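Let's take a walk through this protein chain together. Have the structure open and follow along as we go.

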Amino acid sequence: MATPIKRIEKDFLLKVLYDEQIPVMYLRDRTEYILILEKPAKAELFLKADRPINRLKNRDKLDLMFDYRGQVIIFSVVVDTFKDEHLVVQAPEFLYKNLDRSYSRVQNPADFLIQFTFKGDRYSLGYPKVSEFEPSGDDLTELMRGMDPKNLSGLVEQMASWIKGYANGYKLVIFKDQKPVSPEERIVAETGKTFFMPNTLVGFPQADPYPKKRLITEEHFKRYLESTGVDLAYVGEAYTRFIKAKYDLGISSDAWVPILFQEYVIGYIHVWINKEGRLPFDFNVIDTLYQFAKILAFSLRENGYFEKGKLKNEPFDGKVIDISASGMLFAYPQSGLSSALLPDSELAVKISSPKRVISVNARIVRRYKDSSQGYFGIRFIDMAPEDMRFLFEYIYGKPFTDTDINLLSGQV
């Protein structure tokens, strides 16, 4: 039986829904909608769906669900207003866990043969790796309007010209011929996050305002100092010395933005202010540099910079732990391949049964590991309605009717 979640835990879960941008699933008319919380949860929730919800009306009750670290959470909300894919709903009074999952996630049928293939190009490169996946320029169409991705030198010149309006100094570094050495380089390479010190009198930001965390905060940097061997009792003192050294060098504002290509940190853009008369860097500057970094990575790929490291995409078999009509959990031995199965990377999935073959794309939404295996939860993307109906009826052994929509939890 579902168990109500206490208020403190409920408030925490609603907070992480926004902080970690955890996808929330809603099923309607045999269509799966994925919603993301756009603002921190208060009396109302501001949600954005991956597409306008069919036949939605004010005062509609929506039964929603999400997965937090393997725990299924459900709740109901009432629609106040909506426009296109944006919804404003009343915050739920209760969240529930410990659900009856008999109709959501089941063992993989014995006569199912399931194969996975990486979608898009994959690479094995000699750059620092991080545990997140950066799509390779697939969303840069608007950003690169009017630009020639093949003209790398032109892009660099355009970036340098823009930087001159905000910074006194600028440096572009690719980790091809040099390894990360300085503390700034090392922490950027290890985390894939931006080293941002808007004011060296103040130091690092206390918090990261980005939904997908992008900045090195004071806490991150202190943990880095500890990892280098600084005794915990002296971390605060070492942190203060580091900040003061920046200021003593005459640097009043400093930023090191990583250049990310898939799971690799291939370099960084460093900008700084060391003269009077300049405003300190703000988030708008960081946002623009972040976009430049994405464009540079895309241009490098288009110019064949990573071609020697391209891998051949061969299908592979994983051990499917369980499956639902909207996703599955599978295991794969710890290996170079499993280390490349990162959240947000996409797979082509082929599900073969005696009666039908289903081909569908999927996105990795979570991963964890034990001493020998990696475990990967994937969510199907845009599965054809007839395939979803077949899969539901095949794995649950019952017709797919409107009353089953709330039972199809979509757990992965």
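Leu 201, Val 202 and Tyr 247 together make a nonpolar patch of about 350 Å² on the surface of this predicted model. Let's look at one of them: Val 202 sits in the loop between strand E13 (195-197) and helix H4 (218-227). Its relative accessible area is 61%, and because anything over 50% counts as exposed, Val 202 is exposed.

Compare that with Glu 386, which you'll find in helix H8 (residues 385-396). Here's how the two residues look side by side:

| Residue | Relative accessible area | Label |
|---|---|---|
| Val 202 | 61% | exposed |
| Glu 386 | 48% | partly exposed |

Glu 386 is also 28 residues away from Ile 358 in sequence, with their C-alpha atoms 9.8 Å apart in space.

Now for the strands. Seven of them form an open sheet in the order E16-E9-E19-E20-E21-E18-E17, and the pairing is antiparallel. Which strands stand at the edges? They are E16 (316-317) and E17 (319-324); each has a single partner strand, so one side of each has no neighbour in the sheet.

Further in, you can trace how strand E9 (residues 113-118) pairs with strand E19 (residues 346-352): they run antiparallel and share six bridges. In one of these pairings, Ile 114 has Ile 351 in E19 as its bridge partner.

How far can you trust the picture? The chain's average pLDDT is 88, and 91% of the residues score at least 70. Over residues 406-412, though, the pLDDT drops below 50, even though this stretch has 39 contacts in the model beyond near neighbours in sequence. Where pLDDT is low, don't read the predicted coordinates in detail.

Technical notes
Residues are numbered from 1 along each chain as its sequence is written. This is a predicted model: local features need pLDDT of at least 70, side-chain atom pairs count only at pLDDT 80 or more; totals for chains, interfaces and linings use all residues. Side-chain values use heavy atoms; hydrogens and water are left out. pLDDT is the predictor's confidence in each residue, from 0 to 100. Contact means heavy atoms within 4.5 Å. Patches are made of residues with over 30% relative accessible area and no salt bridge: like charges are joined within 9 Å, nonpolar side chains (Val, Leu, Ile, Met, Phe, Trp, Tyr) within 5 Å. Accessible areas come from the Shrake-Rupley method with a 1.4 Å probe; for residues, only the protein chains shown count as cover. A salt bridge is a side-chain nitrogen of Lys or Arg within 4 Å of a carboxyl oxygen of Asp or Glu. Helices (H or I, at least four residues) and strands (E, at least two) are DSSP runs, numbered from the N terminus. Buried means under 20% relative accessible area, exposed over 50%, partly exposed in between (1.4 Å probe, protein chains only). Two strands pair if DSSP finds at least two bridges between them.
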